[in-house]
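Here's a quick back-and-forth on what some of the labels for this model rest on. Have a look at the structure, then read on.

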Amino acid sequence: MRRTLSRVLPAMNQRSAPGDQLPLSGAVPSAADASTVYADVGGDATIRDLVDRFYVRIEADPLLRPLFPPDLAQGKEHQFLFLTQFFGGPMRYSEQRGHPRMRARHLPFAIGTPEAQAWLSHMLAAIDETGITEPSRTKMRNYFSYAAMFMRNQP
Ligand code: HEM
């Protein structure tokens, strides 16, 4: 697990530009932090719930919905596989999709600060709706706050 996380995290080891409006926690997420979240929150069922709630919000968001394909089912499944793996669960994403390369996979989509901010607000809300408690809540918030900014490919 450590091996996979260390393949994902170095690519995110960049600081944001000054003046960013995202609610950054300040902490650069560590692989050690992320690796216990899957088990701590309750495994597949909880992450499935999180992804479902997140996608309900994406579907209703007029800014973000057009970036996503008409059928959300496959992306939703990939999101589930990625998040369970990233947070210390089974390595299903890499087995099925190869190296996560998250930033590269997002290059086809125009993601600026407004889009990253909106994406993040939905994910943070979904974490709370799912009832994820500390310390996992803060670990997840740290990771998503950081990663959403990193996914930007335009202003
Ligand atoms: C915390 C940061 C993020 C993570 C961890 C993340 C994760 C993912 C994952 C795992 C996928 C599926 C990749 C695959 O097909 O294998 C995906 C797809 C996608 N993401 Fe993100 N993402 C993040 C940020 C964003 C942001 C800020 C946007 C902006 C709107 C975005 C928009 C999309 C879109 C449009 C897709 C394609 C969905 C589809 O093909 O159905 N993502 N993301």
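Q: What is the handedness of the crossing of α8 and α9?
A: Right-handed: the near helix is turned clockwise from the far one by less than a right angle, where anticlockwise would make a crossing left-handed. Bear in mind that this is a predicted model, where local features need pLDDT of at least 70, side-chain atom pairs count only at pLDDT 80 or more, and totals for chains, interfaces and linings use all residues. Residues are numbered from 1 along each chain as its sequence is written.

Q: Why are α8 and α9 called roughly antiparallel?
A: Helix α8 (residues 113-130) and helix α9 (residues 136-150) pack at about 165°, with axes 9 Å apart. Angles over 145 degrees count as roughly antiparallel (under 35 is roughly parallel, 65 to 115 roughly perpendicular, the rest oblique), so α8 and α9 get the antiparallel label.

Q: What makes L107 exposed?
A: L107 has 11 other C-beta atoms within 10 Å, so L107 counts as exposed; the cut-off is 12 or fewer, with 20 or more for buried and partly exposed in between. L107 sits in the loop between α7 and α8. The C-alpha atoms of L107 and Q154 are 9.7 Å from each other, though the two residues are 47 apart along the chain.

Q: Which residues come nearest the ligand?
A: G75, H78, F82, W119 and A147, out of 23 around the ligand; a residue is near if its C-beta atom, placed from the backbone, lies within 6 Å. Helix α5 gives the largest share of that shell, five residues.

Definitions and conventions: Axes are lines fitted to C-alpha atoms, for helices over the stretch in contact, and angles run from 0 to 180 degrees between N-to-C directions. Helices (H or I, at least four residues) and strands (E, at least two) are DSSP runs, numbered from the N terminus.
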